[in-house]
Structure formats: structure tokens, C-alpha cells
Amino acid sequence: MSTSGPRTLPPDARPSWRRRRLDRDHSLGLRLTLASAAAFLVLVPFSLLALLVLASSSPLHRWDATVTDALHGWALDRPGWTRFLIVWTDVLGPMPLRAAALVLVIWLVRRQARRLALWVATTMIVGGLLGPLLKLLVGRHRPDLLDPVARAAGFAFPSGHALNATLAAGVLVMVFLPYARQPVQRAALWGAALVLVVLTGFTRVALGVHWTSDVVGGWLLGAAVVAATTAAFTTWRHHVGLPSVRVTRDGVDPGEGGEPTRVG
């Protein structure tokens, strides 16, 4: 007569640590592992760039000065385009983007998408706090040009405009991917996010208020924040029993707000 009791897998039948990390259905499976690795891999070049800025690297300074002089000369020769760049950088600056994110949070809450609203708020707040803190810690001065076309106060690294544009672009894509059902819609959504990030960064250098490395630093930090909050949110979704999703296809929480959840 056999006795009943808890049955466990023999030691050699247990999945290895590596297989659990690459298991797409595990709480720390493939998608979470990739998201965490993305956050780390983006943060590494940002940290290296920050160290070069703090060390006043001569090659970095020469590269920054060369690009700034070239783009600033371009802006001086094209006053019409310069006015457009000023309008763009004002309309899509950090404060307007934060206000737009607040409107988005309210809209999501009204649609009962409270989890997604929390992710948006967390992403924008974390990035918004890190930017000014790092500016103070690094203490880098902005370009000092003889014939400036625009002025900005405060320290330079990382660029707050570039950082917040990257955060906003990440939020835009992750929230509205479930609504983009056709390939052309997805391409338009990713394209709009890319234009927001690249053109905003370009304006800061062309207007002579940031070095190129300030903008690159803002892009890298913003991407790291979006990747990190997405990884954390993916973990939380699994622990509360929600289906796993492919964030680059379905967004971070496609089941909220009346949208069907697409898993896979």
C-alpha cells in the first residue's frame, strides 16, 4: 500500500537557472530578462558618458564643439528654421510633455485603466526626478556662444528636453500599441515617437543650448528609465496573475481600458 504525500521533482529534473530565466511563462522568464538586460545595457553607456563628462574628456569636448559649431552655424544661416526649432522646443518641452502625461493619466483612470495610469505616472516621475538630480551632480556648463540664437538656464548634462521627449515617446508607444492593429498604424506610432525624440534632441544642439553628449545622455537615461519601469511592471503583472504580453507588440498592459488582451 503506497502512502500519499507531496510529490517533488528529483533534483536532476528541476529546470536549470538558465532555463528558468529563458522560460517565457516564468515570472522572470525571457521577456522580463530581456527588459531588465535592456535597462542595464542602456544604463552602462550612459554611465560611461557621464564619467567622460565629469573627467572633461578632451576627445569628447572636441566632438561636442565641432557638432555644436556646425549646427549653430546652420541655425544662424536659416532664421526661418530657427524660429521653427524654437517653437518646437517650447511646445514640446519638459513641462508641456508632463502636462500631456497628466492628461493621459486622467484619461486612463476614467477608462478604468488604473494599472496603466500608474505605470505612466511612475515612468514620468522617476525620469523627471533623475534628470535635475544628475544635472546638479555633474554640474556641466552649457555652450557659451558669441552669437546665440537661444538661451537656457541651469546645468547641461543630461538634456532635460531629450530625456523627457524619450520618456514621452516610450509612454506614447507603450500605451497606444494595443490600438494600432495594422502594420501601417504601428509604423506611424513608432515613427511619431522617433520624430519626437530625434527632432527634440536636434533642436537643443542647433539652438546652441546643449552639447551633443548632453542630448545623447538624455536619450540614454530616458530609454533606461522606460526599460526599467517596464521590467518592473511586467514582474508585477505576473505576480498578480495577469497574462504575459510582448511589450514591443502589445504595450505594457493591453487588457485595460476595454482593449482585448493579446498574449503570445
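**Helices and cores: a quick Q&A**

Modeller: From the N terminus on, the protein chain's elements go α-α-α-α-α-α-α-α-α-α. This is a predicted model, where local features need pLDDT of at least 70, side-chain atom pairs count only at pLDDT 80 or more, and totals for chains, interfaces and linings use all residues. Residues are numbered from 1 along each chain as its sequence is written, and side-chain values use heavy atoms, leaving out hydrogens and water.

Colleague: How many helices and strands does the protein chain have?

Modeller: Helices are DSSP runs of H or I with at least four residues, strands are E runs with at least two, and both are numbered from the N terminus. On that basis the count is 10 helices and 0 strands.

Colleague: Is Thr123 buried or exposed?

Modeller: Thr123 sits in helix α6 (residues 114-138). Leaving aside residues up to four places away in sequence, Thr123 touches Leu167, Val171, Val225, Val226 and Thr229, contact being heavy atoms within 4.5 Å. The cut-offs are under 20% relative accessible area for buried, over 50% for exposed and partly exposed in between (1.4 Å probe, protein chains only). Because its relative accessibility is 0%, Thr123 counts as buried.

Colleague: Which element gives the most to the largest nonpolar core?

Modeller: A nonpolar core is a set of buried Ala, Val, Leu, Ile, Met, Phe, Trp, Tyr and Cys residues joined through side-chain atoms within 4.5 Å. The largest one has 38 residues, with Leu108 and Trp119 among those with the most contacts inside it. Elements giving two or more residues to this core include α2 (30-54), α5 (94-110) and α9 (212-239). The top contributor, with 9 residues, is α7.
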